[in-house]
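Please open the model in your viewer and keep the selection tool at hand. The stops below each tell you what to select next and what to look for once it is highlighted.

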Amino acid sequence: MKLLLWVGLVLALTAVGCQNRPYHPRKQASAMDALGAQSINVNGDGSATRLGNNRQKLWTVRWKTAQLTREKTGSFSGAMQSVTGDIFDRKTVAATYSADRADASKADNHLTLDGKVVVKSKAYNALLYCDSITYLPESNRITASGHVRIETPTGVLNPGQDVVTTPDLAQIATPEMFGK
Amino acid sequence: MRLISTGVIALLAVTALAQSLFTYRDRSGTLVIKANSGSATRQPGDNLKLILKGNPLTIDDKASGLTLSSSRATAMVAPGKDVASRLRSVVTEGRTTAAQTQKNSKTTVSADKVTYSSKGESGKAVFTGNVVLTNQDTASRQTLKATGATGQTDFSLNNTKSRDLKAVLEGNVQTEIDDSGPNGPAKLHTSSNRMVLVYSNRATTVTLTGNVRIDGQGASRFGQYTNLSRAVLTLDGKGHVVRFESEAK
């Protein structure tokens, strides 16, 4: 009986390891994954990386606690609390962030951050503060809303409304002005 | 009750409008830019390019005393030596008003398009289309008003403590100078192809060239002069004409 259990566990781990997972929760999440659980509650630090179709890193997230769901495809979605992480743009880290909560979308590669959101540009000394952001990797932009404030090397922007930015905060604009 | 409701709705609308402005402020609060919507893009050297749209759109640079209001503008802001940033350039589209406040003087120019640039310690604004220039001596309340097709002003960026501005207007320039004095209200109307105004701490000179015509009205000591090729009027600190030179054709 014990032998059967070990064989089952080894097969499960091998199957998970071979999957083309776009999103990789680690530590406790991976242990739960091996047991084949669908809903995962993680009480403790963990991290994950979301990969795009071409296996490029889109974003990483590190959490204190999380409630994740493992999809049949092997991808994960769900909520995470007390998060920090990186936002990637063409293989390199464009920005780092911290927030009270994160939500990884099941349907797409979107990452939503809520509560005391701070995004820091990696290449350029700019900081974005707001209530909520969503990173949309497919269009290479971030939407930010609620008490948006951006500190740049030359001064401070208070857009007074939702804004759209590039992942590195090099462009910040009201939605109709983005890309101009 | 209905009046109160209307008032409350209007107040809420004004508050909402005030909160929705896209605002840039440098770290010293010297340069403040506001618009309905906008975009800020990082440029090399940590310069910031701002594309601004909507009414109100205002650019207020307390360092140079320059205020611009328009409906569309593209501005370039550069980091300064300290916390104050520098307004490097502005190009506006649509009717624009530029106000320059100096010691005891305020000059306002409106035009269909304005291009402003700064270099070193000086600023230059080029005005195109239906230019209207008004200068008021804030101490004496004397005014000078001029209109033309195009114009340009050059000024010191440290001029809030002094009075140092040159303005050039071209193309069917019409000028009205308030020359009122002890003898009563008086005005000078002039027309010319070109006019150069030089404001300084000591005096103001108005140089008119090309088909110059001067017409004194009211209690003015001037009569009528026509067919002059050039005329130079010197105004004292109170805006009164104290010297007049002319050249006939």
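The tour begins where the two chains touch, then moves through paired strands, and ends at a single side chain.

Before the first stop, please bear in mind that this is a predicted model.

**First stop: the interface**

Select chain A and chain B together and look at where they meet, a contact that takes 26 residues from chain B and 21 residues from chain A. Between them the two chains bury about 1900 Å², and 52% of that area is on carbon and sulfur atoms. On the chain B side, highlight B:Phe22, B:Arg27 and B:Arg42, which lose the most area to chain A and together make up 28% of what that side buries.

If you then look for specific interactions across the interface, the rule finds eleven residue pairs in polar contact, both residues of each pair having pLDDT 80 or more, whereas it finds zero salt bridges between chain B and chain A.

**Second stop: the strands of chain B that face chain A**

Select β1 (22-26), β3 (37-43), β4 (47-61) and β5 (66-78) of chain B, each of which supplies at least two residues of the side that touches chain A. Among these strands, β3(B) gives the most to that side, with six residues. Coloured by class, the side of chain B that touches chain A shows eleven nonpolar, nine polar and six charged residues.

**Third stop: a pairing between chains**

Keep β3(B) selected and add strand β11 (residues 171-173) of chain A, since the two strands pair in the antiparallel sense over three bridges. Within this pairing, A:Ile172 stands opposite B:Ala40 in β3(B).

**Fourth stop: three strands within chain B**

Now hide chain A and select strand β11 (residues 143-156) of chain B with strand β12 (residues 165-178) of chain B, which run antiparallel and are joined by ten bridges. To follow one of these, find B:Thr150, whose bridge partner in β12(B) is B:Glu170. Then add strand β13 (residues 186-199) of chain B, which pairs with β12(B) in the antiparallel sense over twelve bridges; here B:Gln174 has B:Ser191 in β13(B) as its bridge partner.

**Last stop: one glutamine**

Finally, select B:Gln100, which lies in strand β7 (residues 96-102) of chain B. Is B:Gln100 buried or exposed? B:Gln100 counts as buried because its relative accessible area is 4%, and the cut-off for buried is under 20%. Show its side chain together with the backbone of B:Ser64, and you will find the backbone oxygen of B:Ser64 at 2.7 Å from a polar atom of the B:Gln100 side chain.

Technical notes
Residues are numbered from 1 along each chain as its sequence is written. Chains are lettered from A and ligands numbered from 1 in the order in which they are written. This is a predicted model: local features need pLDDT of at least 70, side-chain atom pairs count only at pLDDT 80 or more; totals for chains, interfaces and linings use all residues. Side-chain values use heavy atoms; hydrogens and water are left out. Helices (H or I, at least four residues) and strands (E, at least two) are DSSP runs, numbered from the N terminus. Buried means under 20% relative accessible area, exposed over 50%, partly exposed in between (1.4 Å probe, protein chains only). A polar contact is a pair of N or O atoms within 3.5 Å; within protein, one must be able to donate a hydrogen and the other to accept it, and residues adjacent in sequence count only if both atoms are side-chain atoms. Contact means heavy atoms within 4.5 Å. Buried area is the accessible area (1.4 Å probe) that two parts lose on being put together, summed over both. A salt bridge is a side-chain nitrogen of Lys or Arg within 4 Å of a carboxyl oxygen of Asp or Glu. Ala, Val, Leu, Ile, Met, Phe, Trp, Tyr, Cys and Pro count as nonpolar, Asp, Glu, Lys and Arg as charged, and the others, Gly among them, as polar. Two strands pair if DSSP finds at least two bridges between them.
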